Amino acid sequence: MTTLLDDDIRKRVTDPLDSINKETGDTPFRVFSDWLNLTLTSFTGDEESYQKTLSRYRSNGFDEDAVDQLVNLHAEALGGLVLGLEESNEDILGGVYEHYGLTSDRFGQYFTPGPVSRAMAAITIPDDGDLREATLDDPLVIGDISGCGSGRLIVDSARQLRAVAPEVPAVFLGYEKDSLCAKMAVINFVLNDIIGYVLLGDALKLKPQKVWSAGTGRMLKGERPVSVLTAEETDWVVSRFFGEEDRNAAEETSQGSLVDFELG
Ligand SMILES: C[S@@+](CC[C@H](N)C(=O)[O-])C[C@H]1O[C@@H](n2cnc3c(N)ncnc32)[C@H](O)[C@@H]1O
């Protein structure tokens with residue numbers, strides 16, 4: 001089942017991406033992956049990674065004007081996503097992923113349908129006691145830690161919390177082994193103003209290969225809305241939110257491998 005996205009809203013994202021596909025001959029998967037990388041590296045300020053995609057365009061024979069045009073199309077797709085989020089309560093990013101998944105096996109994951117995700121978020125909201133006890137030092141922790149996909153359950157939970165108890169400090173966690181999905185979750189954190197962490201890796205092992213920290217509030221201090229944690233910070237996040245006992249249990253039971261669709 002795919003997300004029921006309004007065609008006009010979806011096309012604001014997919015039309016520019018499809019134009020890039022036509023211009024470059026890159027597969028939809030490559031174009032979508034480039035778009036996420038450009039978006040995410042602009043959030044983190046990682047200029048070197050940002051330039052990687054542009055260098056590939058250049059080495060494929062595109063001159064500076066043509067590269068600029070491609071960058072503009074990527075920006076147009078991001079603008080379409082932001083506009084769409086203002087007009088719809090659906091997870092547009094995950095919906096676009098599923099749209100391309102209809103014609104390509106490389107978009108291999110399926111997400112909880114929007115209405116079900118919203119119902120789950122409403123049902124699983126913590127009770128009054130937990131909400132009352134949350135403080136800035138010991139915030140409420142809400143996670144989708146066995147595979148958060150595009151992060152829609154987290155987004156719906158954050159919206160639900162905002163609706164019932166906007167004053168409650170909360171940290172949101174996503175754990176995801178597919179790097180494309182993990183990047184969508186980080187982007188969804190930023191565009192939906194969610195504070196928290198997305199861990200990339202096999203949740204059964206509790207040894208993330210990468211952790212992004214997201215929070216738009218830090219932009220007020222002139223900082224980027226997303227940072228990639230150092231090894232030390234990653235250890236802190238794992239022990240803070242999962243604890244030593246969970247980590248030991250994960251080590252004893254873990255099997256399976258990381259799915260990493262990172263390109264180039
Ligand atoms: C069916 S999707 C659900 C995504 C999301 N929870 C939702 O409700 O829309 C399952 C997700 O779990 C991820 N996943 C599966 N096994 C995992 C594991 N061991 N560690 C981390 N992620 C995993 C997959 O990559 C996929 O994105």
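Helices, in the sense used here, are DSSP runs of H or I with at least four residues, numbered from the N terminus. With that in hand, a tour of this predicted model can begin at helix α2 and the residue that comes after it. α2 is followed by G45, a residue with a positive phi, near 80 degrees.

The helix itself covers residues 28–44, and its length can be checked with simple arithmetic. At 1.5 Å a residue, its 17 residues should span 24 Å, and the C-alpha atoms at its ends are indeed 24 Å apart, so expectation and model agree. Much can be said about the surroundings of α2 as well. Its buried residues are V31, F32, S33, D34, W35, L36, N37, L38, T39, L40 and F43. The elements covering these buried residues include the helices α1 (7–24), α3 (47–59), α4 (64–87), α5 (92–101) and α9 (179–191), together with β5 (226–228).

One of these neighbours, α3, deserves a closer look. Two packed helices are described by the angle between their axes and the distance between the axes. For α2 and α3, the axes come within 8 Å and cross at roughly 150 degrees. Since angles over 145 degrees count as roughly antiparallel, α2 is therefore roughly antiparallel to α3. The crossing of α2 past α3 is left-handed. On the α2 side the contact is made by D34, N37, L38, T41 and S42, and on the α3 side by S49, Y50 and T53. Sorted by class, this contact has two nonpolar, five polar and one charged residues.

Another pair of helices, α1 and α5, meets at an axis distance within 10 Å and a crossing angle of roughly 70 degrees. The two helices are therefore roughly perpendicular to each other. Here I9, R10, V13 and T14 of α1 make the contact with I92, G95, V96 and H99 of α5. By class, the contact of α1 with α5 has four nonpolar, three polar and one charged residues.

Finally, the backbone holds a pair of features worth pointing out in the loops. Most residues other than glycine have a negative phi. D193, although not a glycine, has a positive phi of about 55 degrees. This residue is found in the loop between α9 and β3 (196–200), and D193 is partly exposed because 14 other C-beta atoms lie within 10 Å. L206, also a residue other than glycine, has a positive phi near 55 degrees. The place of L206 is in the loop between β3 and β4 (210–214). With 22 C-beta neighbours inside 10 Å, L206 counts as buried, the cut-off being 20 or more.

How values were computed: Residues numbered from 1 in each chain as written. Predicted model: local features only at pLDDT ≥ 70, side-chain atom pairs only at ≥ 80, totals over all residues. Expected span 1.5 Å × (residues − 1). Buried ≥ 20, exposed ≤ 12 C-beta atoms within 10 Å, placed from the backbone. Contact = placed C-beta atoms within 7 Å. Axes fitted to C-alpha atoms, helices over the stretch in contact; angles between N-to-C directions. Parallel < 35°, antiparallel > 145°, perpendicular 65-115°, else oblique. Left-handed = near helix turned anticlockwise from the far one by under 90°. Nonpolar A, V, L, I, M, F, W, Y, C, P; charged D, E, K, R; others polar.
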